[in-house]
Amino acid sequence: MKALERLFIPLILLCLSVFATAESITELQIQLERTQIYSANPGNLAAGVSASVTEKVAKQAKYYEDDEIVSTDQLMVIGKDADNQIVYRQVVDNPLLLHAESFNPDTGEIETAEEIVKDSGTLRLEVPDQKNIRTLELNTIDKQDNGYQFNLLQRINLGKNHKATMSESVSLQAQGANGVFSVFQTGESENRADLVLLSEGYTASDLAKFEADVQNIVEGYFDEDIYKEYKNHFNVWRVEVASNQSGAGNGSPIDTKFGAHFNCYNIERLLCVDESKVLSYLRSVMPANAMDKVLVVVNTEKYGGAGGQVATMSLAPQAIDLALHELGHSFAKLADEYDYGTCRVYEPDNANATADSSGAKWRHWSDIDANIGVYEGAMYCPSGMYRPSNTSMMKVLGQPFYAVNESEIVRRIYGRVDVIDAVEPVQSDIAMNKGESRDFNVTPVDTTSRTVSTQWYVNDQKVGDGASFTFNSSQYQEGVYTLKVVSADKTSRVIKDPDQLLVAQNVWTINLGDSGSTCDEAPATPSGLATTDVGSTSFSFSWNTVSTAESYRTDIWNESASRWDTLKVTTDTAVTATDLEAGSTQWVRVAAKNACGESSPSGYITVELTDNQDCTQAPGTPGAFAASDVSNGRFTLSWSAADGATSYTVQKWTGWEWQDHQETDSTSLTLTATNKGTTYYYRVYGKNQCGNGQATNWIKVEIPEEKSCSTPPAKPTGLRTPYLYSTWYRLDWPKVDGATQYEVQTWDGYSRTWKSHTTTEQNYVDFYNLQGGYTYYPRVVAKNACGASSPSNYLSVTLPR
């Protein structure tokens, strides 16, 4: 309902993901094709991509409006209604981009990681029917200093009738005839995360083996601690389909159902299938809402697999860990924590990576879990990026996920699964007479450790705990009562739940009267809605009296959750809404009620709140933050202006938290250090009437000591490699008199320049994640307060294969 003012969105507005309960959804399957694959820059998707809707599938599911960007490899999908107003936003993985990873089956460590641009791919997009979307815009994403820039890739016209018709449900017996079998089913698919395991490279005589293979895989999956705890939140399906040949091809498909083959894109362990064939086949045999995650199981012992919306795995024992790692990406949006690949230092939105060396993003775990700290090296960068644990499943296969990653997995599970599975009675309006009692029940989706708790409230006063409550009318006067049940997962695995994903509630309205009700039917729909006293954060609205109404239920539209929420039940014909977002747009409606029932809701009215501020949003992030003129304990911090900022606050790291240090209206600030020979850390954020913007990445300011030297140190000599292996080596050298630190440099053959690798106070450094058989060239520069030595002679280091 609400239009997005601009497509350039500051970071601070993209930190929320909102989830709603099950509703009618049409899944659109959109085929993307690159039309200029031989362009000068084949990785440039803007060079030409066509998009067309190939399937429409109706389903009932919990709608998950996920607009949290975790990678610029994703797409931002924007939906507009008939008035060209933005009513829908969804961030999805780009099916044309494949992050291909290959891990060593013996050590679990990364071997290769490449970004691959595919020629075609299928995008699965869930669109709520009530949104009435007429057009979809697919946008690529660029990260800027103060936000994200969306670039239109394709526009798809859906027209008036994009909704699909719900097909009849298929019995388990009928599914079995199609080769679809339940491995385990803990509930209806509309409120579960459904995992589908599909056979590939199994001949008809192999399918009995496939059943046993699936059982082993599922046991391995749910033996992982976090998934074992939340097993009740999943359904798992086995889909059997025979191939003409067993196994998989190498470099090209053999005669199997879905064309599985290794050495895909010239990566030996990358195991690919024809995704469009997989999805088309599953659509023909599977329940519409039971395909959340698809895993193709390939009948070969050779180690390999692939991630994405259609993941693959072989039968090698290590492949289960590979699948768990890929599920961390596609299901929980976790980042890679290894440091191999193409490095780019920036502040990501993933839960498990940061450019902030303080690790503030996960500091709330550090005193609770000894495995959590700040470890340098993450997201393909050996330095400048940090991860929360030394070695987790997102870095090395076969390791635990650990607390930060587990917490995000739990949150993402609740993006698909509501804590409340069912309630009774299902109707929300209950008429009762004095002297009657009525039982109310709730069924939560609980964990294996029983961490879900349930409380009951009457008119916001707690009246009970547990799965059931009896409303005894003899304890209450005649009138209208609101009965609310709240179920929440109190797991210790999640400390921060800002979006209340682990909480669900259901509300009943109880009309308590005597048995002498004189109504014959529910009242008419209220009319004459009008607003008064519209301010910046509140407004009042009224309506005409309905002659047979005993009370009225007023609703306000919850934009982020895409639903109507009850504002107030009242016997008056006017209501005031307060504590709203300044300058926002609101929508309200009203329904009349009596002992015989409730009217249909009135049409909604739109309320535009005033905005007395000079701003419409918090400012952007300052750019080009740097320190200069560091001498004699004084230095200057400077930055470029942030969009919309009226002032700036410089923060200083205290050792355990960021603390506001000094405020200024300028874009520079000169400070004096209290201690020489000390390193300080600073960052800056902008401010205006609407709030505080996001802070910059921190910078380090090193205040030199009083010089205790008279000359720079001598050139290091005697470089050697005491430890030399196929993927790492150690470089050391004799200590240099007068040196306080050493800068280790490596030769970059591409740019033909020496690049700084690291600076250390030790006289050795270890190089990891290297390629066997390659030759590397390091050298060392000694430093002290008086300057730097000339570089050492370089050392030629050839690793064994």
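**Figure 1. Lysine charges over aromatic rings in the predicted model.** The charged end of Lys-302 is placed over the ring of Phe-262, at 4.6 Å from the ring centre. A second close-up shows Lys-484, whose charged end lies over the ring of Tyr-457 at 5.7 Å from its centre. Phe-262 also appears in Figure 4, as a member of a nonpolar core of 23 residues.

**Figure 2. Two edge-to-face aromatic pairs, Tyr-230 with Tyr-414 and Phe-258 with Tyr-281.** The structure holds 36 aromatic pairs. In the pair of Tyr-230 and Tyr-414, the ring centres are 6.1 Å apart and the planes stand at 90°, so the geometry is edge-to-face. Tyr-230 is in the loop between helix H3 (225–229) and strand S13 (234–239), while Tyr-414 belongs to helix H7 (residues 403–416), so the pair ties together parts that are 184 residues apart in sequence. Both Tyr-230 and Tyr-414 are buried. For Phe-258 and Tyr-281, the centres are 5.9 Å apart and the planes are at 65°; this angle is over 60 degrees, so this pair is also edge-to-face. Phe-258 comes from the loop between strand S14 (249–250) and strand S15 (261–262), and Tyr-281 from helix H4 (residues 275–285), so parts 23 residues apart in sequence are tied together. Phe-258 and Tyr-281 are both buried.

**Figure 3. An aromatic cluster that includes Tyr-227.** The cluster is formed by Phe-184, Phe-222, Tyr-227, Phe-234, Phe-331 and Phe-401. Tyr-227 is also among the residues with the most contacts inside the largest nonpolar core.

**Figure 4. Two separate nonpolar cores.** The largest core has 80 residues, and those with the most contacts inside it are Leu-197, Tyr-221, Tyr-227 and Phe-471. Beyond its neighbours within four places in sequence, Tyr-221 is in contact with Leu-195, Tyr-227, Leu-295, Ile-320, Ala-323, Leu-324 and Leu-327. The second core is separate and has 23 residues, including Leu-198, Phe-262, Val-278 and Val-296. In soluble globular proteins, nonpolar side chains tend to be buried together.

**Figure 5. Two disulfides of opposite handedness, one left-handed and one right-handed.** The structure holds 2 disulfides. The sulfur atoms of Cys-264 and Cys-272 are 2.1 Å apart. The torsion about their S-S bond is about -95°, so this disulfide is left-handed. Cys-264 and Cys-272 are both buried. In the disulfide of Cys-343 and Cys-381, the sulfur atoms are 2.0 Å apart, and 105° about the S-S bond makes the link right-handed. The link joins distant parts of the chain, 38 residues apart: Cys-343 is in the loop between helix H5 (319–330) and helix H6 (363–366), and Cys-381 is in strand S20 (residues 381–389). Cys-343 is partly exposed, at 38% relative accessibility, whereas Cys-381 is buried, at 0%.

**Figure 6. Salt bridges, among them Asp-93 with Lys-333, Lys-118 with Glu-275 and Lys-687 with Glu-663.** The structure holds 32 salt bridges. The closest N and O atoms of Asp-93 and Lys-333 are 3.6 Å apart. This bridge links parts 240 residues apart, with Asp-93 in strand S5 (residues 86–93) and Lys-333 in the loop between H5 and H6. Asp-93 has a relative accessible area of 40%, so Asp-93 is partly exposed; Lys-333 is buried, at 12% relative accessibility. For Lys-118 and Glu-275 the closest N and O atoms are 3.4 Å apart. Lys-118 lies in the loop between strand S7 (110–117) and strand S8 (120–128), and Glu-275 in helix H4, so the bridge ties together parts 157 residues apart in sequence. Both ends are under the 20% cut-off and therefore buried, Lys-118 at 13% and Glu-275 at 15%. Lys-687 and Glu-663 meet at 3.5 Å, N to O. Lys-687 is in strand S42 (residues 679–688) and Glu-663 in strand S40 (residues 658–664), so parts 24 residues apart in sequence are tied together. Glu-663 is partly exposed, at 47% relative accessibility. Elsewhere, salt bridges with shared partners join Asp-429, Arg-553, Asp-555, Arg-589, Lys-593 and Glu-598 into one network.

**Figure 7. The surroundings of Ser-599, a buried residue.** Ser-599 is in the loop between strand S35 (597–598) and strand S36 (605–608). Its relative accessible area is 6%, so Ser-599 counts as buried. Apart from residues up to four places away in sequence, Ser-599 touches Ala-522, Pro-523, Ala-524, Thr-525, Pro-526, Ala-591 and Ala-592.

Methods: Residues are numbered from 1 along each chain as its sequence is written. This is a predicted model: local features need pLDDT of at least 70, side-chain atom pairs count only at pLDDT 80 or more; totals for chains, interfaces and linings use all residues. Side-chain values use heavy atoms; hydrogens and water are left out. Helices (H or I, at least four residues) and strands (E, at least two) are DSSP runs, numbered from the N terminus. Buried means under 20% relative accessible area, exposed over 50%, partly exposed in between (1.4 Å probe, protein chains only). Contact means heavy atoms within 4.5 Å. Rings of Phe, Tyr and Trp (its six-membered ring) pair if their centres lie within 6.5 Å; planes under 30 degrees apart count as stacked, over 60 as edge-to-face and the rest as tilted. A charge sits over a ring if NZ of Lys or CZ of Arg is within 6 Å of the ring centre and within 35 degrees of the ring normal. A nonpolar core is a set of buried Ala, Val, Leu, Ile, Met, Phe, Trp, Tyr and Cys residues joined through side-chain atoms within 4.5 Å. A disulfide is a pair of cysteine sulfur atoms within 2.5 Å. A salt bridge is a side-chain nitrogen of Lys or Arg within 4 Å of a carboxyl oxygen of Asp or Glu.
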